[in-house]
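Thanks, everyone. I will go through one model this morning, starting with a helix and then moving to the sheet and a few single residues. Please have the sequence and the structure in view.

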Amino acid sequence: MLTLHPTKALVAKLPASSGGQVPLDESSQWLQAQDGEPSPLSGWQGHLFTLQRQQCVLLVHQATRFPVLLKQLTKPDFARFHWHFVDGLMNTLLKCGATDAQMTAATHLLQPLQLAAGTDRSVQSTLNQMKGEVEHLLHCDQIALGDLAVYRVSARLAHRPTSVQGQYIWPDNLMLALLDAHADKTPENVVQLGDYTG
């Protein structure tokens, strides 16, 4: 399972099943929980907020501060939240220049989302800064939300220095390094990119 620490606003929108697992829709049935060590892609914080009167979600990976921005979500979209999360993550990785090996490693490390309580203040601070940057971009460039290229914006947010405990990190570099560390452990029969994106 990939743990997701959502804000109360996001919890209210997600259709969680018993035990806090976000239900899988038809397009996400390939995601499987794996026994043993937790996935390095586990540990996300998510926040629901409104931009131009439309619902958006920003997810930030706790270990790397890698962001995934989802825009204009409606009730049916929350029912397909796994698909939107995977689509946003994988396409942001592509925009960040991920190699085929890194993309395959990411696919192998993906698992169903499991809601978890608690938030990390440091990660929440990063999330709020990124949210502010998206709001600033829309306002200053006078962009309609429908015209916002979310994969490109997520990659832009990832390719910026982020302060963590007094040190600066680059989320895209950390995420790609994480995937590199697991690329050689990826089975050859893993689902390939393109088999699940729509």
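Start with what α5 packs against: its buried residues meet β2 (44–51), β3 (54–61), β4, α6 (150–158) and β6 (162–164). Before going further, note that this is a predicted model.

Now α5 itself. The helix covers residues 121–140, 20 residues in total. From its first C-alpha to its last it reaches 28 Å, close to the 28 Å expected at 1.5 Å a residue. The buried residues are V123, Q124, T126, L127, M130, K131, V134, L137 and L138. Where do they sit when you look down the axis of α5? They fall within an arc of 160 degrees, so they line one face of the helix. As background, an α-helix has 3.6 residues a turn, so residues three or four places apart point the same way. On the face of α5 turned away from the buried side you find the exposed residues R121, H136 and H139.

The two ends of this helix can be taken together. At the start of α5, a side-chain oxygen of D120 comes to within 2.8 Å of the backbone nitrogen of S122. After α5 comes Q142, with a positive phi near 50 degrees.

Next, the sheet. In what order do the five strands of the open sheet run? The order is β4-β3-β2-β1-β5, and the pairing is mixed. The edge strands are β4 and β5, each pairing on one side only. From one strand to the next, the twist averages 30 degrees.

Let me walk across the pairings. β1 and β2 are parallel, with three bridges between them, and L4 has W44 in β2 as its bridge partner. β2 and β3 are antiparallel, over eight bridges. In that pair, L51 is bridged to Q54 in β3. The hairpin of β2 and β3 has two residues between the strands, and there Q52 takes a positive phi near 50 degrees. β3 and β4 also run antiparallel, joined by four bridges. As for burial, β2 is mostly covered, with seven of its eight residues buried.

That brings us to a single residue in the edge strand β4. P67 lies in β4, residues 67–70, and V60 stands opposite P67. Is P67 buried or exposed? With a relative accessible area of 0%, P67 is buried. Leaving aside neighbours within four places in sequence, the contacts of P67 are L58, L59, V60, T92, M130, S154, L157 and A158. M130 in that list is one of the buried residues of α5. Another contact, T92, is 25 residues from P67 in sequence and 8.5 Å from P67 in space, C-alpha to C-alpha.

M130 turns up again with T162. This residue, T162, belongs to strand β6. T162 counts as buried because its relative accessibility is 1%, and the cut-off for buried is under 20%. Its contacts, again beyond four places in sequence, are R65, T126, M130, Q167, Y168, I169 and P171. Of these, T126 and M130 are among the buried residues of α5. The side chains of T162 and R160 are also joined by a polar contact of 3.1 Å.

For the other end of the sheet order, look just past β5. A116 is in the loop between β5 (113–115) and α5. How should its exposure be classed, with a relative accessible area of 23%? A116 is partly exposed. Beyond four places in sequence, A116 is in contact with T3, L4, H5 and P6. L4 is the residue that has W44 as its bridge partner. By contrast with those contacts, take A79: the C-alpha atoms of A116 and A79 are separated by 18 Å, and the two residues are 37 apart along the chain.

One more helix, α4, at residues 100–109. How many of its ten residues are buried? Eight are, and α4 is therefore described as mostly covered. The buried ones are Q102, M103, T104, A105, A106, T107, H108 and L109. What covers them includes β1 (2–6), α3 (81–95) and α7 (171–183).

To close, go back to α5 with the sheet in mind. Its buried residues pack against β2, β3 and β4, among others, and these residues line one face of the helix. I will take questions now.

Methods:
Residues numbered from 1 in each chain as written. Predicted model: local features only at pLDDT ≥ 70, side-chain atom pairs only at ≥ 80, totals over all residues. Heavy atoms only, no water. Buried < 20%, exposed > 50% of the residue type's maximum accessible area, 1.4 Å probe, protein only. Contact = heavy atoms within 4.5 Å. Expected span 1.5 Å × (residues − 1). Arc of directions from axis to C-beta. Polar contact = N/O pair within 3.5 Å; in protein donor to acceptor, adjacent residues only side chain to side chain. Pairing = 2+ DSSP bridges. Axes fitted to C-alpha atoms, helices over the stretch in contact; angles between N-to-C directions.
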